[in-house]
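Q: Hi, could you walk me through this one? I'd like to chat about cysteines first and strands after that.

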Amino acid sequence: MVSVAREEEKSLTFRDVSCALCGPGVRHRVLYPARLDSAGIKPEQLFSSRRIPGRIHFRIVTCDRCGLVYSNPIFDEETISRLYAESQFIDDPFLKNQFINIKQDYGRHLKKAAAHVPGARRLLDIGCGNGFFLSVAREQGFSNIKGVEPGRDACAKADPDIRPSIVQGTFTKDLFPRNSFDIVSAFHVLDHLLSPADFLNDVREVLRPGGIVLLVAHNVRFWVTRLAGEHAPMFHIEHVYLFDPRTARMLLEKSGFDVLEVEDLTCTYTLAHALKMVPMPISVKTSILKMLEGKPAADIKVRLSPGDMLLIARKPGEGSLKKDGAA
Ligand SMILES: [Zn+2]
């Protein structure tokens, strides 16, 4: 079934996935059949952060009861953990300038989240990559910054002054004391998790009462995604669950959060990076990107709505609003 790296084919096993909101036993229907034939791409290349999106994904289904979109079946947990740990953090020539844009966009999200927790100083970024967002947080006055990142390569590429703040591994609540952060952020993490509800429960544990979780995730029902259908880059082998504003809200509430903001994002990209996301054959993309290499046009800034949504939610407790409207 999988023609990726034939020498590994025999070791790849699959597991069934059930709806993260409704649990096992609820029926689903198939949106798109699996597309795992990647013409010789090795598994470790599939799980590289910020690679050119290809059209490689597991079977995509939607829950009959709640409408949640997810991959099913997927590789078993052990294989996925291994692929993430081995994934390469790509430093391509285009990325340097795109990082400036990402830092500015994420910096704006942080200001928005911090507005809900006056005096916030303690921040945890989960899936922090090389820790660039930790430096953004430090610039905004966060004095206690921590990151968690499974990719060994990304950790190794962190700036020397940030590296000691990063734990290499998978986030669980046991890594940190309870109630120890004002803000926990996770950008493009939620869609990758096998158990997003368990993840959010763990986030809630390490957040102080009244603390904020700041998430960016794909919106699978964004209009561009609907138009692009199966060609939308978010249908990707790394994504287990794909949420929309309604299902994301359900997940956060199920995990004990009060949802404060759900918003579709407009983000800044370099022209080169924007091209990477456009649904077109990978060979065409590669040749256009080759032409742009080293040219000033590659760094022209464009504003796009990529189908990402910003989610801000609060752990109930001190500082939270009374839900029943009573004074
Ligand atoms: Zn469901």
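**Cysteines and a strand**

A: Happy to! Keep in mind that this is a predicted model. A place to begin is Cys155, which counts as buried because its relative accessibility is 1%.

Q: And Cys128, is that one buried or exposed?

A: Cys128 is buried too, with a relative accessible area of 2%.

Q: How many disulfides does the structure hold?

A: It holds 0 disulfides.

Q: Why is there no bond from Cys128 to the closest cysteine sulfur?

A: The closest cysteine sulfur to that of Cys128 belongs to Cys155, and at 6.1 Å it is too far for a bond. A disulfide needs the two sulfur atoms within 2.5 Å. Looking from Cys155, the closest cysteine sulfur is the one in Cys128, again 6.1 Å away.

Q: Got it. Switching to strands: how many residues of S15 are buried?

A: For S15, residues 308-314, the count is 7 of the 7, so the strand is largely enclosed by the rest of the structure.

Q: Which residues sit on each side?

A: One side has Asp308, Leu310, Ile312 and Arg314, the other has Met309, Leu311 and Ala313, and all are buried, so both faces are covered.

Q: Which strands are joined to S15 by bridges?

A: Strand S10 (residues 207-218) runs antiparallel to S15, with 7 bridges joining them. Strand S12 (residues 258-264) is also antiparallel to S15, joined by 6 bridges.

Q: Nice. What is the bridge partner of Val216 in S15?

A: That's Leu310, one of the buried residues we just listed.

Q: And which residue in S15 does Glu261 stand opposite?

A: Glu261 stands opposite Ile312, which is on the side of S15 that also has Leu310.

Conventions. Residues are numbered from 1 along each chain as its sequence is written. This is a predicted model: local features need pLDDT of at least 70, side-chain atom pairs count only at pLDDT 80 or more; totals for chains, interfaces and linings use all residues. Side-chain values use heavy atoms; hydrogens and water are left out. Buried means under 20% relative accessible area, exposed over 50%, partly exposed in between (1.4 Å probe, protein chains only). Helices (H or I, at least four residues) and strands (E, at least two) are DSSP runs, numbered from the N terminus. Two strands pair if DSSP finds at least two bridges between them.
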